[in-house]
Structures are given as C-alpha cells and as structure tokens.
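Trainee: Got a minute to go through this one with me? I'd like to start with how the helices pack and then move on to the ligand.

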Amino acid sequence: MDKIRIIGGVPLEGTIRISGAKNAALPLMCAALLTEKPFTLTNVPYLADIVTMTKLLMQHGVEMSMTDAHARQTMGGITLGRTLVLDASNIFNKTAPYEIVRKMRASVLVLGPLLARFGEARVSLPGGCAIGTRPIDLHLKALEQMGADIELDQGYIVAKAPKGLHGAEIYFNMVSVGATENIVMAATLAQGTTVLRNAACEPEIVDLVQCLRGMGANIHGEGTPTLTIHGVPTLGSVFHHVMADRIEAGSFLACVALAGGDVTLTHAPVDAMLPVLEKAREAGVVLHTPNHQTLRITSQGKLEPVDIITQPHPAFPTDMQAQFMAMMLLTSGTSTITETIFENRFMHVPELMRMGANIQLKDRLAIVKGVPKLNGAEVMATDLRASISLAIAALATPEETVIHRIYHLDRGYENLEAKLSACGADIVRMK
Ligand code: UD1
C-alpha cells in the first residue's frame, strides 16, 4: 500500500493550479443518465472517486470517451481525460451494485436519474450501513412523495415508478447536499412542478443546476434554500465546465498558512470560499484576491487561535474542518471546533496527537491548545479530509512524517505530491 513521506519546516513558494471539483463532478456525471444525447464535461479531475463513478456508470451501459487524447491518465485500469463525453443512450442495467456503492457514498446519486428516466432503479445501500446509521432517508422519502414505490430488499433500494414521477412539495427536515442533488435531478423529468424547501445551497449544487439548465431543465432558485423545478419531457445535449474545487483550494491555503510561505492559487473558486477565507484571515493569514479565480496566500506560519462551527453552506464547511484543526496546532492559545454535520468526524485527532498535538474531545467539540512544535511520526490516514490534515501538520514539522493508507488522499487530491513539490515541499510517495 502506498504511503507518503514528508519532511517539513520549509516555507512553500510558488503557484498551484486548482483542479475541477470532485464533489461537483460526481453528481454531474450522474446527470448524464438523464439524457440519451451526448453529455460533455470539461475540467474533470483525475481522482480515484472519478474512476469509481466511471466504473459504476459503465456497468449501467454509459459509454465514455475522451476528446482530449493528449491529456489522458490511467488510474485503476480506467483511462480518464479532462474532457469526458458520456453517452447514456443505451442503458441496459439499472442496478448499482454493492461492490461499487460501498466504496463511494456518492454512488446513490444514480438513483434519482435512473428512476426519473426509466421508472425503475435498484441501488445498494451505501457503505454497507443500515439506513438508520448512515441514512439516505431524505432521498427516499422525497422520491416517495414524487410517486415512487420504494422497498428494501437484501441490502438494496428497489425503486419503481412505472408511470413516471410527479412533482411534489418537499420539505427536507435537515440540509442534505446529496438529497438535494438526487431530487433536483429526478424532478427535472417529473410531470409537473416540484418545490424543494430547506434545500442545500452549496456551490456544487449551483454548478449542477447550471448544467441541468443547459440540458433544457426548467429550474429556479439555485444557491437558495428554495428550489423550484418544472418538469420537462426530455433533456438534451450539454457541454459543461466543472467548477473548481473549493476544498482542494482551501486545503492548499491551510498548507501555506501553517508551513509559512507565499503561494498563488490559480483557477480557484474564490467566491465559493468566502467562509474559509474569512476564518483564515482571522487566524492571521494574509490573502489577496486580485480576481475571482486567483488567491495569493502569504503566511509567516505564526497563526492566531480561532473558533469554528461547521454548518451547511454558506457557513464554514465540514470538509475544511480537519485542515483548520491542523492550522490550530501551533498557535499560542486555545481554539475550538464544533462539528455539527457529522457525528464522527474527528478521526484525525488521535493521529495528530501522535505528532504532539494537544487536543481534547468532548462529543462534537474539539478543544485545540497550541503547542510550540510538532514531532514527526508514522501516522495513518483514516478518511479523505483527515489525511490531508496529517499532511498539513507534517509540512510544518522539520522531522520525518510517514502517512500510511494514502489511498484516502487519492480519492480527492489530484497530483498532490507534484503540486506541493513544485512549491518546494519535500514530499515523496513510497511503495
Ligand atoms: C456531501 C459531500 C461531502 C460533505 C457533505 C456535507 C459529495 C460527494 N459529498 O456529502 O464531502 O462532507 O456533503 O457538506 O458532495 N443525512 C441524513 N439523511 C439523509 C441524508 C443525509 O440524515 O437522507 C445526514 C448525514 O448523515 C449528515 C448530514 O445529513 O449528517 C449531511 O449529509 P449530506 O449533506 O447528505 O452529505 P453528502 O451529500 O453525503
């Protein structure tokens, strides 16, 4: 299993190009199931999760081709290009199997599109978990309100709507990015009007809606908690540029903030990052945004304590929580993080403590007391954002850190070592 070795303590200097957003590209790829016409995405990132989604869609019958022959990369036996053309004109299988869905929760996003276009779908419950413990209840309840008949059979959601879905007034009793995406996609082909209240406002949903509108969908209100979708009989072809990855950009911001240096991010989604930029400034990081795609980060590595509460957009994102925890490790005071989105998202804490961090956990609250320095250690990545927090801490530590199980990093960070090495970091991948 691959690991990464980092010897930190060196300020980072240079330029990093931000890739297309994983969390935008995954639902966008599922949207291809809504049409029999060619569906083109540009700015697709090279990531393990994109490979997984490619495998899932191909086994449904989606044909994939790449128009940018010069910019291809093979991962996990699948060749990816930055420009993907998806052709869902010949769907022969409406089952999303456990072997694929268990690897990636976003696989459930095929449910809405398959059901809306074909009137049937069979999708494994994600993560091998029961609905109660890792729920998709909001997705299922909304589809039932739209006329779907849903049963659970041997770990699979079996959804049927032989006469098609119909519009409905839907209120989500909590904000869910995935449920909003699934139901917006399903509603584009439903008969009549669907209104979603307490919908997620994340920038990736705005990107999805813009793509669906390009296909001919009639949707209003993206970026607000109320989305109105007037169903249309069919959707057509589209050419859509995947938005830039705000979490990748925020992660590099945290690297420079803690290690110190002067790095410019290009192709960054500055407007989608405001809550993160605000907290970084409060922590003492100097930021310049000469335009909407460029973010210059300057830091001496001496940061102030800050308090963070993760909440749905436009508040501080849970996907940046672990990175900001790393930024809190070396301050001269006490910082706090309250995680309100996921109940078990502090798995990086024991690993950071192996590097000398002083963190106390009280249920959903983490209290981080700054220490004068960290030490190198062998640490284990436990999930995607947890693993980048270990890399951020390691980049500020002059000793050797080895991060194991970095397949988690490969799910969400494209060419991480190359991007950081180009800024002077001593980081290598080892077998
Ligand atoms: C997406 C992101 C993930 C991010 C998360 C929250 C993708 C591919 N993933 O995940 O990176 O961390 O949003 O910003 O875009 N919930 C329910 N019932 C449901 C659905 C969700 O109770 O039916 C709960 C979840 O357990 C969680 C909370 O709602 O506690 C938010 O989850 P959700 O917004 O759905 O996250 P994902 O869409 O899975």
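Trainee: At what angle do helix H1 and helix H7 pack, and how far apart are their axes?

Mentor: Keep in mind that this is a predicted model. Helix H1 (residues 22-31) packs on helix H7 (residues 203-214) at about 30 degrees, and their axes are 9 Å apart. The cut-off for roughly parallel is under 35 degrees, so H1 and H7 are roughly parallel to each other.

Trainee: And is the crossing left-handed or right-handed where H1 passes H7?

Mentor: Right-handed.

Trainee: Which residues meet there, H1 against H7?

Mentor: From H1 you have Asn-23, Ala-24, Pro-27, Leu-28 and Ala-31, and they meet Glu-204, Asp-207, Leu-208, Cys-211 and Leu-212 in H7. By class, that contact of H1 with H7 has seven nonpolar residues, one polar and two charged.

Trainee: OK, now H8 and H12. What's the angle between them?

Mentor: About 25 degrees, with the axes of helix H8 (residues 246-259) and helix H12 (residues 384-395) 8 Å apart. That makes H8 roughly parallel to H12. H8 passes H12 in a right-handed crossing.

Trainee: Which side chains should I click on for H8 and H12, or rather, which residues meet?

Mentor: On H8, pick Ile-247, Ser-251, Ala-254, Cys-255, Leu-258 and Ala-259; on H12, they meet Arg-385, Ile-388, Ile-392, Ala-393 and Leu-395. The H8 contact with H12 breaks down into nine nonpolar residues, one polar and one charged.

Trainee: Switching to the ligand: how many residues surround it?

Mentor: There are 17 around the ligand, and the closest are Asp-137, Ser-176, Val-177, Asp-319 and Ile-341.

Trainee: What does Asp-137 do with its polar side-chain atom, distance-wise?

Mentor: That atom of Asp-137 sits 2.7 Å from a nitrogen atom of the ligand.

Trainee: And which residues have a polar atom by a ligand oxygen?

Mentor: Ser-176 is one of them: an N or O atom in its side chain is 2.6 Å from an oxygen atom of the ligand. For Gly-178 it's a polar backbone atom, 2.8 Å from a ligand oxygen.

Trainee: Last topic, the backbone. Which residues does the cis peptide bond join?

Mentor: His-313 and Pro-314, with omega at about 15 degrees. Pro-314 is in the loop between strand E20 (307-310) and helix H10 (321-328).

Trainee: What about His-267, is phi positive or negative there?

Mentor: Positive, near 55 degrees, and His-267 isn't a glycine. You'll find His-267 in the loop between strand E17 (261-266) and helix H9 (274-282).

Methods: Residues numbered from 1 in each chain as written. Predicted model: local features only at pLDDT ≥ 70, side-chain atom pairs only at ≥ 80, totals over all residues. Heavy atoms only, no water. Axes fitted to C-alpha atoms, helices over the stretch in contact; angles between N-to-C directions. Helix = DSSP H or I, 4+ residues; strand = E, 2+ residues; numbered from the N terminus. Parallel < 35°, antiparallel > 145°, perpendicular 65-115°, else oblique. Left-handed = near helix turned anticlockwise from the far one by under 90°. Contact = heavy atoms within 4.5 Å. Nonpolar A, V, L, I, M, F, W, Y, C, P; charged D, E, K, R; others polar. Near = heavy atom within 4 Å. Polar contact = N/O pair within 3.5 Å; in protein donor to acceptor, adjacent residues only side chain to side chain.
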